[in-house]
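Subject: A structure for you to look at

Hi there,

I am passing a structure on to you, and I hope you enjoy exploring it. Please open it and keep it beside you while you read the rest of this email.

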Amino acid sequence: MSANGSDHPTNLQESAKRHMWLHFSRMSSYAGQDMPLIVRGEGPYVFDEKGKRYLDGLAGLFVSQIGHGRTEVAEAAARQAAELAYFPLWSYAHPRAIELAERLAGMAPGDLNRVFFTTSGSEAVESAWKMAKQYFKLTGEPTRYKVLSRDIAYHGTSMGALAITGLAAIKPPFEPMAPGGVRVPNTNFYRAPSFVADDLNAFGIWAADEIERAILREGPDSVAAVFLEPCQNSGGCFPPPPGYFQRVREICDRYGVLLVSDEVICAFGRLGYYFGSQRYGYQPDIITFAKGVTSGYAPLGGLMASDKMIEPFLQGEASFLHGVTFAGHPVSCAVAMANLDVFEKEDLLGNVRANEAAFRSTLEKLNDLPIVGNVRGDGYFYGIELVRDKATRETFSDEESERLLRGFLSHALFEAGLICRADDRGDPVIQLSPPLTCTQEHFTEIEQVLRSVLTEAWSRL
Ligand SMILES: Cc1ncc(COP(=O)(O)O)c(C=O)c1O
């Protein structure tokens, strides 16, 4: 029952404070202030309950590639719900899942021809790890179970995915972790070790070779897979140095380790290609995806596996002993098809490729601010690292970071009409990932809001 005792709450704010439990949120902070309520979306903008407009500079949560309010996608969902609302993929198939699987296989690099659907990114990552483990059990290498992933990388929150996630700070409440998660360095060149700090290529080789060293340290016959995002989100958009992925591929091949490209954010146009691995020119054994596959009009995730991965599962009594009820939901698959139709009709990949240089140069104007240390990213995916001292790259103390990011920036940016993320899971960064329909007018709006709010933040330090 609602806060006012009726079945029909009259005050959403009051009801939210009484009944909602928000993800990764300090609930105490809503005791003295309203919960942001987003009620409607249109193109790259969303609106709150008072009608105020915000530029959705994070595409919700790296999700809304085609923007909000697309009635053709909503209608596809309605048609599918009327025709076949639900049927499981446990020993059955249905037309929309088949059509989508075929379409995705046609778009993916190389022979990633098999699609295992899930409902989310965490489930996709979790499924990929389980698939890798069972694959090795079936192919006579039963001791391979460990997974390498990079410092500060986020790969999800379910217990398996959390063991792959490289953010130490979000783990203690849930320890002990599932065994087998091993960390390697990320590709934050701005924070590169001094011996490779002046040479991006050398840094890339060093970071890739750290993966080889970790495999050797752990014992090659214990390592199942390496999980890497094409461009690492958490920590503030770390693109791979040139040649990094090619070297990682060689290392994986040398030691029989699977390369999993976690493209939950980077797929579906975020980097100007359907898959981030296509942008950076490498061939994964598995791609995990979610988010942009439906642009958020319905939840869907999944993984795409190579012909080699499915091979042992095609024999005799073998089956992948894993499944989830709503994976590949018919409505979500219909939505994904309609979403991809919009991508094609409006050439959204072309839009990102044509405008990404303008997005970059507009954000780089912020380099004249004393608090902006580094602007980095690719496509429509950027991180802006904030520093206390530009010359020395000194970062903020925990107390300053708390005051700056949580105490001021997040709220001030929202108040100024820009939804983006002020994040300090690594060094403090502002994350940007707007809908792929955005053009210069939106980049300018983002830059102007950031300029005024970051200037104010600096004056408060
Ligand atoms: C790279 C990556 N992997 C996995 C996940 C987990 O996805 P979900 O939140 O859908 O479970 C995320 C979420 O942001 C992600 O960015």
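Below are notes on the ligand site and on three pairs of helices. Please keep in mind that this is a predicted model.

Let's start with the ligand. Which residues surround it? Going along the chain, they are Ser120, Gly121, Ser122, Tyr154, His155, Gly156, Glu229, Asp262, Val264, Ile265 and Lys291. Three of these residues are worth a closer look. Glycine 121 uses its backbone: an N or O atom there lies 2.8 Å from an oxygen atom of the ligand. Aspartate 262 uses its side chain, where an N or O atom is 2.7 Å from a nitrogen atom of the ligand. In lysine 291, a polar side-chain atom lies 3.0 Å from a ligand oxygen atom.

Now for the helices. Try finding H7 (residues 200–218) and H8 (residues 244–255), which pack at about 20° with their axes 8 Å apart. An angle under 35 degrees counts as roughly parallel, so H7 and H8 are roughly parallel. Their crossing is right-handed. On the H7 side the contact includes Gly204, Ile205 and Ala207, and on the H8 side it includes Tyr244, Arg247 and Val248. Sorted by class, this contact of H7 with H8 has 10 nonpolar residues, 1 polar and 4 charged.

Next, look at H3 (residues 71–83) and H11 (residues 330–345). The axes of H3 and H11 come within 8 Å and cross at roughly 150°. Angles over 145 degrees count as roughly antiparallel, so that is how H3 runs relative to H11. The crossing of H3 and H11 is right-handed. Among the residues that meet here are Val73, Ala76 and Ala77 in H3, and Val331, Ala334 and Val335 in H11. The contact of H3 with H11 divides into 10 nonpolar, 2 polar and 2 charged residues.

The last pair is H13 (residues 398–415) and H14 (residues 440–460). How far apart are the axes of H13 and H14? They are 10 Å apart, and the helices pack at an angle of about 150°. H13 and H14 are therefore roughly antiparallel to each other, and their crossing is right-handed. In H13, Arg403, Leu404, Phe408, Leu409, Ala412 and Leu413 make the contact, and the residues they meet in H14 include Val449, Leu450 and Arg460. The contact of H13 with H14 has 10 nonpolar residues, 3 charged and no polar ones.

Happy exploring!

Best wishes

Notes. Residues numbered from 1 in each chain as written. Predicted model: local features only at pLDDT ≥ 70, side-chain atom pairs only at ≥ 80, totals over all residues. Heavy atoms only, no water. Axes fitted to C-alpha atoms, helices over the stretch in contact; angles between N-to-C directions. Helix = DSSP H or I, 4+ residues; strand = E, 2+ residues; numbered from the N terminus. Parallel < 35°, antiparallel > 145°, perpendicular 65-115°, else oblique. Left-handed = near helix turned anticlockwise from the far one by under 90°. Contact = heavy atoms within 4.5 Å. Nonpolar A, V, L, I, M, F, W, Y, C, P; charged D, E, K, R; others polar. Near = heavy atom within 4 Å. Polar contact = N/O pair within 3.5 Å; in protein donor to acceptor, adjacent residues only side chain to side chain.
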